[in-house]
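Thank you for making the time this morning. I would like to walk you through a structure that is new to most of us, and I will go slowly.

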Amino acid sequence: MPIAQCPMPIAQCLLPKIPNMPISQKLKILMVEDLQTDAELIKREITRSGIRFTSRIVETKEDYLNALQEFDPDIILSDFSLPTFDGMQAILLQQELANHVPFILVTGSINEETAVEVMKAGADDYVIKEHLTRLGAAIRAAIQKKEIIRLRIEADEKLRVFSRAIEQSPSSIIITDAEGKIQFVNAKFTNFMQYSLDEVKGKTPRILNPGHASKEEFEGMWETIKNRNTWHGEFNNRKKDGTKFWENVIISPLLFHSGNISNFILIMEDITEKKKMIDDLVIAKEKAEENDRLKTAFLHNISHEIRTPMNAIVGFCDLLNDPELKPDEYKHYTEIITQSSHQLLSIITDIVNLSTIEAGQERIMANNLNVNSICSYVYEQFILKVEHKGIEISYNTSLPDNEATIISDETKLTQVLTNLLSNAVKFTNLGSIEFGYLFKNDTLEFYVTDSGIGIPEEKHDEIFKRFYQIDRSENRQYGGSGLGLSISKTYIELLGGKIWLTSEAGKGTTFYFNIPYNRQ
Amino acid sequence: MNTTNLVEILLIEDNPNDVELTLRALRKNNLANNIHVVNDGAEALDYFFATGKYHDRDISLTPKLVILDLKLPKIDGIEILRIIKNDARTKSIPVVVLTSSKEESDIIASYKMGANSFIVKPVDFDKFIVTVRELGMYWLLLNEPPR
């Protein structure tokens, strides 16, 4: 019977069924006999004992071999001595070619030694022709004996397949007793979990899960399987060496024929990889959603930042058409328009820079540059802007001009310094701004120090994010895209350095960044 | 000090350029003698509820109209709207929301919070006047015409 169709518990399937005698089917009897009369006598005796049969009679080795093949007998009745053949050859050939077929020696009186020889060779019985009345019972017994052996072999083979299936299963398998104590674990389990059978035998599978699953979870599981149901679940289990992993676990009760639980079987599969993949997907999805939100926020912000100066331009241009406008009003409005236009231009520049960065197309244009010249150039740009605010500005260079030539990107370096100085000017109403660089450990460490409003410690990371402005009310009158520091940070990282700051609220801020001191 | 008690239009706007444009347009249309400007959300609340620097203002003298920018420092416009529309002392003051974009979510949120009208910058005064008229307040706010 195929295992899959086995309706009973496995153990019961495997028990050999003892065939009921009398034999109901028509037996195929192969007779090795040269005497027609003896053959007739034997047949008559078999009929008399109530066995239905067909028969074939052979007397040569060749016919015997053919009959074993073609006739496929249920039993062989063989005489001992024939003209060209004998019982000993017949039993040896049966052993070699058809040892599942019962073999009974039916012979005239022979000496006991011969009979013993044939029995030793594998015959099931021998019947003396003078006492043929015993033949029927002998046939029945021989067939029954062979049938039992056959069923036992079959059952053994089934058991071996089942046990191989469990032992060599690609899933870890535990078999426990009805109390949940481990009785057996398969090879996959011992290899994977690193526990030997001896180490876990008699313990509960809960030792694999020290403190991860809750008590309620275990109780729920136990309740399910005790009620003869299958439990599915996932456990974050631990191997002997402490490695944690995720396991998909199926626990089924095994039942006696009576319906009582004999064992539990736990089939477990490592799903750590699968779980990691799912987690990665979830993270990727969240990241994509976050990017989407950021993009929307970006567009919203940028739209506002562009509209603010744009509205001023449109609004004040409109006013210029008023014929009643006084000259000082006229001048005031054109100043606002000019200032707003510059603001708009710088925002657009920032956006273009940022989109180049975003597209991953920002490239370093490395050339010889002189950092002293850059400091001097930037100073010239800012001295004019801060004059009217009453701010003092100064700068320091720490290398002589002939040593201040390095290979870097002049445009980006200038832009970062300009950004930092613009911020310093924005947030300083009175006081001083100082910038410059120091030569430190083969790097140039630039600094921009102001005596402005300062930046609270908790904001030090955030200000490098896009659109960050600490208090818009302080900033609004100067405008700005809120992108400057974000762009500066990217540029400095592209140049092989980093940017950071120290600050004290109310006292001022120093921004630092370093770049490698690369000479040709 | 008394001038703040006679406020007819309260303009809540942080951007100095927008303040200037709005004031000029209001005057050009002979609207309101007495306009008071506050520059952020916190100051606006102080004004409405006579706290902070407005502690000696007479709270019963409410402005006839509020023009409210949505993007404000400290406390944003939507939040101001929510607070004044949920307070018995201020809920009946008409509010015209002013914003720099037609961002749909802003418009929906403003109307939900009880804004009476919505004007996109740069201020379209034809629309503003229509709005004020619809609110039945045009004559209340209109100055004596110049002689």
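**A walk through two chains**

Let me begin with one detail in chain A, where the charged end of A:Lys412 sits over the ring of A:Tyr491, at 5.3 Å from its centre. Please keep in mind throughout that this is a predicted model, and that the values I quote have been computed from it. There is a second arrangement of this kind, in which the charged end of A:Lys275 is placed over the ring of A:Trp246, 4.3 Å from the centre of that ring.

A:Lys412 also brings us to a helix, since it is among the buried residues of α13(A). Helix α13 of chain A covers residues 410-426, which is 17 residues, and from its first C-alpha to its last it reaches 24 Å, close to the 24 Å expected at 1.5 Å a residue. Is this helix enclosed or exposed? Of its 17 residues 12 are buried, so α13(A) is largely enclosed by the rest of the structure. The buried ones include A:Leu413, A:Val416, A:Leu417, A:Leu420 and A:Leu421, and also A:Asn419 and A:Asn423.

Let me step back to chain A as a whole, for which the secondary structure comes to 15 helices and 17 strands. Chain A has 520 residues, and 41% of them count as buried. If we take the contacts in chain A with a separation of 6 or more, 63% of them are accounted for by residues 24 or more positions apart.

Now to the interior, where the largest nonpolar core has 45 residues. Which residues have the most contacts inside that core? They are A:Val371, A:Phe435, A:Leu444, A:Phe446, A:Phe513 and A:Ile515. To take one of them, A:Val371 touches A:Ala404, A:Ile406, A:Leu413, A:Tyr437, A:Leu444 and A:Phe446, if we leave out residues up to four places away in sequence. A:Leu413 in that list is a residue we have already met, as one of the buried residues of α13(A).

I turn next to the aromatic rings, for which the count comes to 16 aromatic pairs over all chains. One of these is formed by A:Tyr64 and A:Phe85, a tilted pair with 5.3 Å from centre to centre and 50° between the planes. A:Tyr64 lies in helix α3 and A:Phe85 in the loop between β3 and α4 of chain A, so this pair ties together parts that are 21 residues apart in sequence. Both partners count as buried, A:Tyr64 at 0% relative accessibility and A:Phe85 at 2%.

A further pair, A:Phe218 with A:Phe235, is stacked, with 5.4 Å from centre to centre and 20° between the planes. Here A:Phe218 belongs to helix α9 and A:Phe235 to strand β8 of chain A, so the parts that the pair ties together are 17 residues apart in sequence. A:Phe218 is buried with a relative accessible area of 11%, and A:Phe235 is buried at 6% relative accessibility.

While we are on strand β8 of chain A, I should mention that A:His232 is found in it. This histidine counts as exposed, at 54% relative accessibility. Leaving aside neighbours within four places in sequence, A:His232 is in contact with A:Val249 and A:Ile250. A:Ile250 is 18 residues away from A:His232 in sequence, yet the two are 4.6 Å apart in space, C-alpha to C-alpha.

A brief word on cysteines, for which the count of disulfides over all chains comes to 0. Two cysteines of chain A have contrasting surroundings: A:Cys317 counts as partly exposed, at 34% relative accessibility, whereas A:Cys375 counts as buried, at 0%.

Finally, chain B, which has 6 helices and 5 strands. Read along the sequence, these follow the pattern β-α-β-α-β-α-β-α-β-α-α. Of the 147 residues in chain B, 54% are buried. Among its contacts between residues at least 6 apart in sequence, 66% join residues at least 24 apart.

Two local features of chain B deserve a mention. B:Tyr47, B:Phe48, B:Phe49 and B:Tyr54 form one aromatic cluster. Then there is B:Asp69, which lies in strand β3 of chain B and counts as buried, at 2% relative accessibility. What does B:Asp69 touch, not counting residues up to four places away in sequence? Its contacts are B:Ile12, B:Glu13, B:Asp14, B:Gly77, B:Leu98, B:Thr99 and B:Lys121.

Technical notes. Residues numbered from 1 in each chain as written. Chains lettered and ligands numbered in written order. Predicted model: local features only at pLDDT ≥ 70, side-chain atom pairs only at ≥ 80, totals over all residues. Heavy atoms only, no water. Phe/Tyr/Trp six-rings, centres within 6.5 Å; stacked < 30°, edge-to-face > 60°. Helix = DSSP H or I, 4+ residues; strand = E, 2+ residues; numbered from the N terminus. Buried < 20%, exposed > 50% of the residue type's maximum accessible area, 1.4 Å probe, protein only. Lys NZ or Arg CZ within 6 Å of the ring centre and 35° of its normal. Core = buried A, V, L, I, M, F, W, Y, C linked by side-chain atoms within 4.5 Å. Contact = heavy atoms within 4.5 Å. Disulfide = S-S within 2.5 Å. Expected span 1.5 Å × (residues − 1).
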